[in-house]
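Welcome, and please open the model in your viewer with the sequence panel alongside. We will go from one selection to the next and look at what each one touches.

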Amino acid sequence: MDRPGAVNRPGPAALRVRHAVRAWHAAHGAGPTVAVALSGGADSLALLTGALAEDLDVLALVVDHGLQDGSAGVAARAAATARALGARRADVLTVVVNGAGGPEAAARTARYAALDAARAGAPVLLGHTLDDQAETVLLGLGRGSGARSLAGMTPWAAPYGRPLLGVRRADTRAACAELGLRPWEDPHNLDPRYTRVRVRTEVLPLLEEVLGGGVAESLARTAASLRADNDALDALAPAPSGPELEVDAIAGLPAALRVRALRTWLAGRGARALTAAHLAAVDAFVTDWRGQGPTAIPGGSAGRRLQVHRTGGILRAW
């Protein structure tokens, strides 16, 4: 993350990053102020330079998870780099990672909570790239996830924006090199104990070799196509609310719309982290009712589970 002297003249990779930020900003109508989630790695550092090159008013937010020795120093250097490059402000957000779901999930929960609290009303730009999108789709395929998961990450889901979903990871690294910036190399990104790392370093390279290249781009296109389909189906599906749901109100819907209606209703009752198995169990109350007992789904707070019941023709969750 060192900045050896003045930033060099931008080359083609830095321009690709800048143009991606420009296109995202124009498409999503964001104001002049943005927050950039900065780790000091190549992706977020390149994103920061692209936002600054577009004359955006940038607040850099650096999250220190405290999970590695020297993490405070890494965060401080990232913030100092952001200030040197021209960010109006650079804040280090120190979080405690102790939630449920394993260290990756707990770190993510803590990170997003800190970013949301510190963004001061501005959208938060994240440095996810086309390669990250491809990995996300592959992981969803391997887990048997539905179309919502295979649609990957969206460019805009308030308050989070992802301008670099069309930019390769190689371009963000090249952009940093062109600008004379040396990004931080996170050792976790090469640790084979993490499934995503093995997908990145083993699975995707093998697919590229076997299928003759272009796999990452194809997976990203698949995500974009499914995202458009999902948006259309979401618009057609009813959005029930309230403590009770009449079975007859959704029983006649096609499965794609019925399950979406159930997801919306359950989310309104406090459900979270719903899987295909959870939704299938609740859907069985509608399509395969045999007098079965309640089913449990993750609730709205850590350690809490909701119970979904059917009584007569009514579904209830508490």
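Start by selecting Thr-136 in this predicted model and ask for its contacts. Beyond its neighbours within four places in sequence, Thr-136 touches Gly-152, Met-153 and Arg-196. Is Thr-136 buried or exposed? Its relative accessible area is 17%, and because buried means under 20%, Thr-136 counts as buried. Now colour its helix: Thr-136 belongs to H5, residues 130-142.

Stay on that helix and move your selection to Asp-132, which is also found in H5. Asp-132 is buried, with a relative accessibility of 9%. Which residues does Asp-132 contact, once neighbours within four places in sequence are set aside? They are Asp-43, Gly-127, Met-153, Arg-169, Arg-196 and Arg-200.

**Next stop: H5 against H8**

Show H5 together with H8. Their axes come within 10 Å and cross at roughly 95°. The range from 65 to 115 degrees counts as roughly perpendicular, so H5 and H8 are roughly perpendicular to each other. To see the contact, select Asp-132, Ala-134, Glu-135, Thr-136, Leu-138 and Leu-139 on H5, then Thr-195, Arg-196, Val-199, Arg-200, Val-203, Leu-204 and Leu-207 on H8. Colour this selection by residue class and you will find seven nonpolar residues, two polar ones and four charged ones.

**Follow the chain: H8 against H9**

Keep H8 (residues 195-211) and add H9 (residues 215-236). These helices pack at an angle of about 105°, and their axes are 9 Å apart. H8 and H9 are therefore roughly perpendicular to each other. On the H8 side, pick Leu-204, Leu-207, Glu-208 and Leu-211; on the H9 side, pick Val-215, Ala-216 and Leu-219. What is the make-up of the contact of H8 with H9? Six of its residues are nonpolar, none is polar and one is charged.

**Over to the four-stranded sheet**

Now hide the helices and bring up the open sheet of four strands, whose order is S7-S10-S9-S8 with antiparallel pairing. Which strands are at the edges? They are S7 (244-246) and S8 (295-298), each of which pairs on one side only. Look along the sheet for its twist, which averages 25° from one strand to the next.

Zoom in on S7 and S10 (residues 314-317): they run antiparallel and are joined by three bridges. Select Glu-244 and you will find Arg-316 of S10 opposite.

Bring back H11, residues 255-268, which packs on the sheet and touches S7, S8, S9 (305-311) and S10. The direction of H11 makes about 40° with that of S10. Then add H12, residues 276-287: this helix lies across S8, S9 and S10 and runs at about 140° to S8.

**Last stop: a β-α-β unit**

Finally, select S2 (residues 57-64) and S3 (residues 89-94), which pair in the parallel sense over six bridges. Where should you look for one of the bridge pairs? Pick Val-63, whose bridge partner in S3 is Leu-93. Add H3, residues 71-85, and you have a right-handed β-α-β unit made of S2, H3 and S3. While the strands are on screen, switch on the side chains: in a regular strand these alternate between the two faces of the sheet.

Methods
Residues numbered from 1 in each chain as written. Predicted model: local features only at pLDDT ≥ 70, side-chain atom pairs only at ≥ 80, totals over all residues. Heavy atoms only, no water. Pairing = 2+ DSSP bridges. Helix = DSSP H or I, 4+ residues; strand = E, 2+ residues; numbered from the N terminus. Axes fitted to C-alpha atoms, helices over the stretch in contact; angles between N-to-C directions. Contact = heavy atoms within 4.5 Å. Right-handed = clockwise from strand over helix to strand, strands pointing away. Parallel < 35°, antiparallel > 145°, perpendicular 65-115°, else oblique. Nonpolar A, V, L, I, M, F, W, Y, C, P; charged D, E, K, R; others polar. Buried < 20%, exposed > 50% of the residue type's maximum accessible area, 1.4 Å probe, protein only.
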